[in-house]
Amino acid sequence: AAHPVTGALLRFIDVVEFGAQANGESWGRSPNGAPGELTPMQQRTLGAANSDPRIGPVVISEIHYNPADPGGLPAGVSPQDLEFVEIWNPTEAAVNLTDWRLAGGIDFDFAADTMLTPGAAMIVVSFDLTDADKLAAFRAAFGLDEGATIVGGYSGHLSDEGETIRLERPDEPPAEEPTFIPRLLEDRASWETVSPWPTDANGGGPSLHRNSPATLGTQATGWSSGAPSPGTVDLPPRVTQILVASDGWSTTFLDALQGLGMGDQGFLVSSGAAQLEPLPWINLNQIQFVFTGPVNVTMDDLSVFGVSVSKYSFAAFNYDAPSLTATWTLAATIGIDRLALLLSGVTSPTGQALDGEWTDGASTLSGDGAAGGDLLFRLDVLPGDANQSGDVLSADVILVRNAQFKAAGGAAFDPMLDL
């Protein structure tokens, strides 16, 4: 605001800063309308409430900014040499960190062709790895063997008074500046030394641990304190996708679904408002859950209740660890029914309970950021409802009949009409 006579600046109403943006990606505040920095959004919502933020998927998962003195450090090694930043790849694909960097309170450029494998965590330290004494002291302090992935060292040190650091990935250089590398925000982490931030991480021994890869790293609710565990991420598992399928579906049909972005090895049930649109297939007999990380899961952890069938039984179960996918095969196909899927008893390999809360028609990822909570997911099946209107009418018959000679994978193929 400006003085009405002199024009002098009196106060700021608002101010925002942001860096390079990916094509087609908007930035906004999260929660919607809250004060604070802008962050990338999952969707553009001009004229409507902001979507959930786009976080990562590679995230800053642990920060040890003010290590306590463990005692017995060799000459030339200080507690400050025990600080670290951990980054984690919770996805199913390896990430090449060429031209990635950490910036903000510290600066570090990852070496070309540094690979972060699926589910792996990488430790970034402040000292040069050629310093054998510091590296040995670091490994000894946290009980790390030669298998731990350690890179460094970054310039500067993590502030004991709170600050923000950024994980940035490269974008394609613009045609007019082929040597310029835009840096896109992958993740951002902040900390403070007063409540509601965990205060015991400030020299008390614990480090900051990210509660979930789906929580903002700039908010206190995104972090908890715990014993330092560089190179190991132990978050409660969450469900990221729910799919349905049939063991009678052909490879061609499954490939067509994948090519249309409708699911891998099954049909991805829509989350959000489209969750309860009826599924039209006549031979559904499989339900799949995809998790955010490795889990202990058994056939007995899922119960499927219906209106037409009070409780479904299972004929087979499989958990595919590489894809983090559990598949239940029902003893019979699903007819006209309204289903409730109840998932409970799932844990991480270290015993963390499933973070499972789900709000039908709103959630896109299970959980609230804390371990515990069963997942209850509603699903409607109406065989023959090709247009997903909630009724099977002559319009559905016409749609299916007109599509009967369109091969799976063809240009005009619609999986919803291949019943």
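In the predicted model, strand β3 (residues 59-64) and strand β13 pair in the antiparallel sense over two bridges, and within this pairing I63 stands opposite L208 of β13. On its other pairing, β13 is joined to strand β14 (residues 223-226), again in the antiparallel sense but over four bridges, with S224 in β14 serving as the bridge partner of H209. In a regular strand the side chains alternate between the two faces of the sheet. In β13, which spans residues 207-210, S207 and H209 point one way whereas L208 and R210 point the other way, and all of these residues are buried.

The search for enclosed space returned one cavity of 30 Å³ or more, and the volume of the largest cavity is about 100 Å³. Rolling a probe the size of a water molecule over the atoms shows where empty space is left. The lining of the largest cavity consists of T39, P40, R54, I55, L185, E186, D187, R188, R210, L216, G217 and T218. At least two lining residues are supplied by each of β2 (39-40) and β12 (183-191), and β12 gives the most, with four residues. By residue class, the lining divides into four nonpolar, three polar and five charged residues.

Several of the charged residues in this lining, among them R54, E186, D187 and R210, also take part in salt bridges, of which the structure holds nine. The side chains of R54 and E25 meet in one such contact, at 3.0 Å from N to O. Because R54 lies in the loop between β2 and β3 and E25 in the segment before β1 (27-28), this pair ties together parts that are 29 residues apart in sequence. With buried defined as under 20% relative accessible area, R54 counts as buried at 15% relative accessibility, and E25, with a relative accessible area of 18%, is likewise buried.

A further salt bridge is formed between E186 and R169, whose closest N and O atoms are 2.6 Å apart. Since E186 belongs to strand β12 and R169 to strand β11 (residues 163-170), the contact ties together parts that are 17 residues apart in sequence. The two partners fall into separate exposure classes, for E186 counts as buried at 3% relative accessibility, while R169, at 22% relative accessibility, counts as partly exposed.

D187, which also lines the largest cavity, forms a salt bridge with R210, and here the closest N and O atoms are 2.8 Å apart. D187 lies in strand β12 and R210 in strand β13, so this pair ties together parts that are 23 residues apart in sequence. Both partners are buried, D187 with a relative accessible area of 4% and R210 with a relative accessible area of 2%. Apart from these pairs, R101, R166 and E168 are joined into one network by salt bridges that share partners.

Taken together, these results place R210 in several of the features described: R210 points the same way from β13 as L208, appears in the lining of the largest cavity, and has D187 of β12 as a salt-bridge partner. β12, for its part, contributes four residues to that lining and contains E186, the salt-bridge partner of R169 in β11.

Key: Residues numbered from 1 in each chain as written. Predicted model: local features only at pLDDT ≥ 70, side-chain atom pairs only at ≥ 80, totals over all residues. Heavy atoms only, no water. Buried < 20%, exposed > 50% of the residue type's maximum accessible area, 1.4 Å probe, protein only. Pairing = 2+ DSSP bridges. 1 Å grid on protein atoms, 1.4 Å probe; cavity = no way out; pocket = protein on both sides within 12 Å on 5 of 7 lines; lining within 4 Å. Points joined across faces, edges and corners; volume = space filled by probe spheres on them. Nonpolar A, V, L, I, M, F, W, Y, C, P; charged D, E, K, R; others polar. Salt bridge = Lys/Arg side-chain N within 4 Å of Asp/Glu carboxyl O.
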